[in-house]
Amino acid sequence: QLQLVESGGGLVQPGGSLRLSCKGTDSDYVIAWFRQAPGKEREAISCINRVGGTPFYLDSARGRFTISRDDAKETAYLQMNDLKPEDTAVYYCAARPTHYCSDSRREFGSWGRGTQVTVVS
């Protein structure tokens, strides 16, 4: 398993941007970002299998969020633009030792502790 550490969360106004980082990735692992809002299930936002690969996006994130990875730095990123109050959640990065993405949390064995994102006027 990988030791993943997220950072970059914070408080932002609607329409603002944040870039989340996930340190501790490995080029042989698929990396995904999930989020969990209070009282809701953890949901997959985006997944990337390799540098240059075609990422998966949750419908509500497509066009606003961009996932990327830098394997030399062992870091993955989630650039979030045009943030909305409904994006408020704890954001987690996760990894699985395969080259295929998944939107199921059960298929990821490595998790970070999460970083809080709060979007409020």
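Select Arg-69 in this predicted model, and you will find the residue in strand S7, which spans residues 65-70. Arg-69 is buried, with a relative accessible area of 8%. Show the polar contacts of its side chain, and two backbone oxygens come into view: that of Asp-26, reached at 2.8 Å, and that of Tyr-29, reached at 2.9 Å. If you then display what surrounds Arg-69, leaving aside the neighbours within four places in sequence, the residues in contact with Arg-69 include Ser-27, Val-30, Ile-31, Ile-48, Asn-49, Arg-50, Val-51, Thr-75 and Ala-76.

Next, turn to the nonpolar interior and select Phe-65, Leu-78, Met-80 and Tyr-91, which touch the most other members of the largest nonpolar core, a set of 27 residues. Colouring by element shows where this core comes from, since two or more residues each are given by strands S3 (18-23), S4 (30-36), S5 (43-48), S7, S8 (75-80), S9 (89-96) and S11 (115-119). Strand S9 gives the most, with four residues. Staying with Phe-65, and again setting aside its neighbours within four places in sequence, you can pick out its contacts, among them Arg-35, Ile-45, Tyr-57, Leu-78, Met-80, Leu-83, Asp-87 and Tyr-91. A second core, separate from the one just described, has seven residues, including Val-30, Ala-32, Cys-47 and Phe-108.

From Phe-108, move to the aromatic rings, of which a search of the whole structure finds four pairs. Phe-34 and Phe-108 form an edge-to-face pair, 5.4 Å centre to centre and with 80° between the planes. Because Phe-34 lies in strand S4 and Phe-108 in the loop between S9 and strand S10 (110-111), this pair ties together parts that are 74 residues apart in sequence. Both Phe-34 and Phe-108 are buried. Now add Trp-111, whose ring centre is 4.9 Å from that of Phe-34; the planes stand at 55°, so this pair is tilted. Here strand S4 is tied to strand S10, across 77 residues in sequence. The two partners differ in their surroundings, as Phe-34 has a relative accessible area of 0%, while Trp-111, at 24%, counts as partly exposed. Adding Tyr-92 completes the selection, for ring pairs link Phe-34, Tyr-92, Phe-108 and Trp-111 into a cluster.

Two arginines are worth showing with these rings. Arg-42 lies over the face of Trp-111, at 5.0 Å from the ring centre, and the charged end of Arg-96 sits over the ring of Phe-108, 5.8 Å from its centre.

Keep Arg-96 selected and bring in Glu-107, whose side chain meets that of Arg-96 in a salt bridge (3.0 Å, N to O). This pair links distant parts of the chain, with Glu-107 in the loop between S9 and S10 and Arg-96 in strand S9, eleven residues apart. Glu-107 is partly exposed at 40% relative accessibility, whereas Arg-96, at 14%, counts as buried. Salt bridges that share partners also join Arg-35, Glu-43, Arg-64 and Asp-87 into one network.

The structure holds seven salt bridges, and a last stop takes in two further examples. Asp-59 and Arg-62 meet through their side chains at 2.7 Å, N to O; Asp-59 is exposed at 62% relative accessibility, and Arg-62 is partly exposed at 48%. Asp-82 and Lys-84 form another salt bridge, at 3.5 Å, N to O, with Asp-82 partly exposed at 38% and Lys-84 partly exposed at 29%.

Key:
Residues numbered from 1 in each chain as written. Predicted model: local features only at pLDDT ≥ 70, side-chain atom pairs only at ≥ 80, totals over all residues. Heavy atoms only, no water. Buried < 20%, exposed > 50% of the residue type's maximum accessible area, 1.4 Å probe, protein only. Polar contact = N/O pair within 3.5 Å; in protein donor to acceptor, adjacent residues only side chain to side chain. Contact = heavy atoms within 4.5 Å. Core = buried A, V, L, I, M, F, W, Y, C linked by side-chain atoms within 4.5 Å. Phe/Tyr/Trp six-rings, centres within 6.5 Å; stacked < 30°, edge-to-face > 60°. Lys NZ or Arg CZ within 6 Å of the ring centre and 35° of its normal. Salt bridge = Lys/Arg side-chain N within 4 Å of Asp/Glu carboxyl O.
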